[in-house]
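Work through the exercises below with the sequence and the model at hand. Each task is followed by a stepwise solution.

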Amino acid sequence: MTLGERYRVVSTLARGGTSIVYLCDDLRLPGARWAVKVADPTGLGPGASCAELFDREAELLAGLAHPALPRLVDRFQHEGLPALVLEVLPGETLAERLSRGPLPRIEGLRLARTLIELLERLHAQSVLLGDLSPANLILSPDGRIRLVDLGLARRGPGPVAGGTPGFTAPEAAVRAEPASDVYSLAALLRSCGLQADLQPFLAARPNDRPSLETLRRNLRGRARADASIPGTAVAAALVLLALSILSLTAALQAPSPAAEPPSGAAWRALQAGDRARAAGLARALLERDPTDPEARILLQNASLTGPARHLALVVPVTGPEAPEGKAFLQGAALAQEQSPQPLYLQVCDDGGQVQRAMSWVEELGRDERVPCVLGPTNSERSLAVEWVAARAGIPVLSLAASHPGAWQSNGWLFTVGVPFEPRVAPLARDFRARGFQRGFLLYDPQQVMARDLAFSLKSELGPVRELTCPTQTRDFGALVSTLVKERADGVFFVAAPGSYLGEFAVELRRAGSQAALYSNVAGYDEGLHRAGGQALEGLRLSESFTPRAERPEVRSFVTRFEELFPGCEPGRSAAQAFDAVRLASEPRDRAGLRERWQHLGRDLPAYPGVSGAVSTGRMPENVRVYLMEVRSGREELLREDPEPARADVHQDR
């Protein structure tokens, strides 16, 4: 392929959110090679323009001379898309380097100093970087650090249309400012394993973050302290450090202690090869609770006598999110039952904890029987395991991640989830249309999806006040007190776990508040209804799945689900887990699954799952959304909004 009738493509160097970078030979200058960056509009955020982004990047590169920035050589149009010609920068990306482990301290400090100086130079010229992540930095063989993507940079404060999840400041989508780059740099240094107090620079609010100069002083002070330690003290410290590392490594490699679920004895019997005992214990569990999916999975595992495909599910079996985990396992158990080939499902309890999820991915990566990891069950944990999956060489298919980062990953993280913005937009419009005078927006600032979605929703909800609440503690006293005191009439709770939202609703009603409740929590959630009961009456939800859809595959799924788990109605969680198991059941190894999932919905048709059109290769464009309201303990369909064009899905066999 030749670009601009001059640059012959040799290979693809990188693929980012808004561009593809090719290594090209120059046909007019034999022997010369360039990096040609061509716009890719499929990754653009709403309101963004390829031409604007590339014009801005070209202007900045032409006007900024800095050793950490690439040199702009040429620009042209390729098939109507803007393209930039840049010098080729040898080396590897920081993301590739980090896949082998954290940077040594000296390298981390050198990286920090270079980037602090670069950001200060840019900010002095009113330039905001907007996107600073491991994928955007090249480490050259001679030790130089180069920034290779200014696609989201801008002059002066304003919105940034995109950014890398986990490295982009929460306010950047609305208004990026110098403090937003400080946040990105701190997140980057943290990902490098730099041992420094970076938490103040990651504050949720821009005004709470210290300056770049403060960060420089902090790092300089630590470097001096390290250099001033006497040799004998260094030796002693190294011994202590080694012991600490051993302890930490053990903690990272094995899940932290958690209460053993009732199924523990059955799993131990199964692992010991005592299938009869495992089956007996599983039947006893089913007698106590016929809706127990883990017991059903155990029973099906114990019945296997020959070779079987081994799949692992990382879900919360214990802890506050256990009711949500049960819904996912119910869908997985049904997929196991209906699989045309023998399936062995391993249930790995992450307890709803990021570190335990990371530990499981690390451990499963060493098990050659396991072709992939199914889970985790939320965006926060899914994004956290991405680099672990890359290091372990095992693809991860999240059961529910809806953060855009799940589709913009390093090629090891995928999801059967649905992007949260199109799923929540009708709910936000409904909230605004009701004209609440004292509306409140609630979210957990420590949860990636909740924080990012709150910032993007704020302008859509109308005038609202923000309240933050850590969902790990479940202490609603101060939160409910504020809502009652302020006479809240509308409350939009972003991305709350189902059981948490149910408990909150009970406390709010008990305190006398009749505020209308909204949330994008997963509907048809047993944990939600068990915890909330009558307090959920009137709660409005938006869903991408309803068990009352008329599609034949949905009706078949719902009918068998209700037979298998009497008294339960399947929701999106169960449907997505069902689809994930079916996708992972295909007879492919790790490389085959990874390749297929990279193209599914991009170069291959989306998978027609019971949860909708599953697109793991790119964010789905057509999302069918149902607006629901809880009435008498169940979700009733208010309307389908909006009415999207039907996705072009075909069975890919």
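**Exercise 1: a residue in a strand**

At 9% relative accessibility, Ile145 counts as buried, because buried means under 20% relative accessible area, with exposed over 50% and partly exposed in between (1.4 Å probe, protein chains only). This is a predicted model, in which local features need pLDDT of at least 70 and side-chain atom pairs count only at pLDDT 80 or more, while totals for chains, interfaces and linings use all residues. Residues are numbered from 1 along each chain as its sequence is written, and side-chain values use heavy atoms, with hydrogens and water left out.

Task: place Ile145 in its strand and list what Ile145 touches.

Solution.
1. Ile145 lies in strand β10, residues 145-147; strands (E, at least two residues) and helices (H or I, at least four) are DSSP runs, numbered from the N terminus.
2. Leaving aside residues up to four places away in sequence, Ile145 touches Ala68, Arg110, Leu111, Thr114, Leu137, Ile138 and Leu139; contact means heavy atoms within 4.5 Å.
3. The C-alpha atoms of Ile145 and Gly91 are 9.5 Å apart, with these positions 54 residues apart along the chain.

**Exercise 2: two helix pairs**

Task: describe how α11 packs with α21, then treat α9 and α10 likewise.

Solution.
1. Helix α11 (residues 322-338) and helix α21 (residues 572-584) have axes 7 Å apart, at an angle of about 40°. Axes are lines fitted to C-alpha atoms, for helices over the stretch in contact, and angles run from 0 to 180 degrees between N-to-C directions.
2. α11 and α21 are therefore oblique to each other; angles under 35 degrees count as roughly parallel, over 145 as roughly antiparallel, 65 to 115 as roughly perpendicular and the rest as oblique.
3. On the α11 side the contact includes Phe328 and Leu334, and on the α21 side Phe578 and Val581. The residues of this contact divide into nine nonpolar, three polar and one charged. Ala, Val, Leu, Ile, Met, Phe, Trp, Tyr, Cys and Pro count as nonpolar, Asp, Glu, Lys and Arg as charged, and the others, Gly among them, as polar.
4. The axes of α9 (residues 275-288) and α10 (residues 293-302) come within 8 Å and cross at roughly 155°, so α9 and α10 are roughly antiparallel to each other.
5. The contact of α9 with α10 has nine nonpolar, one polar and three charged residues.

**Exercise 3: cysteines**

Task: how many disulfides does the chain have?

Solution.
1. A disulfide is a pair of cysteine sulfur atoms within 2.5 Å.
2. By this rule the count is zero.
3. Cys469 is buried at 4% relative accessible area, and Cys568 is buried at 14%.
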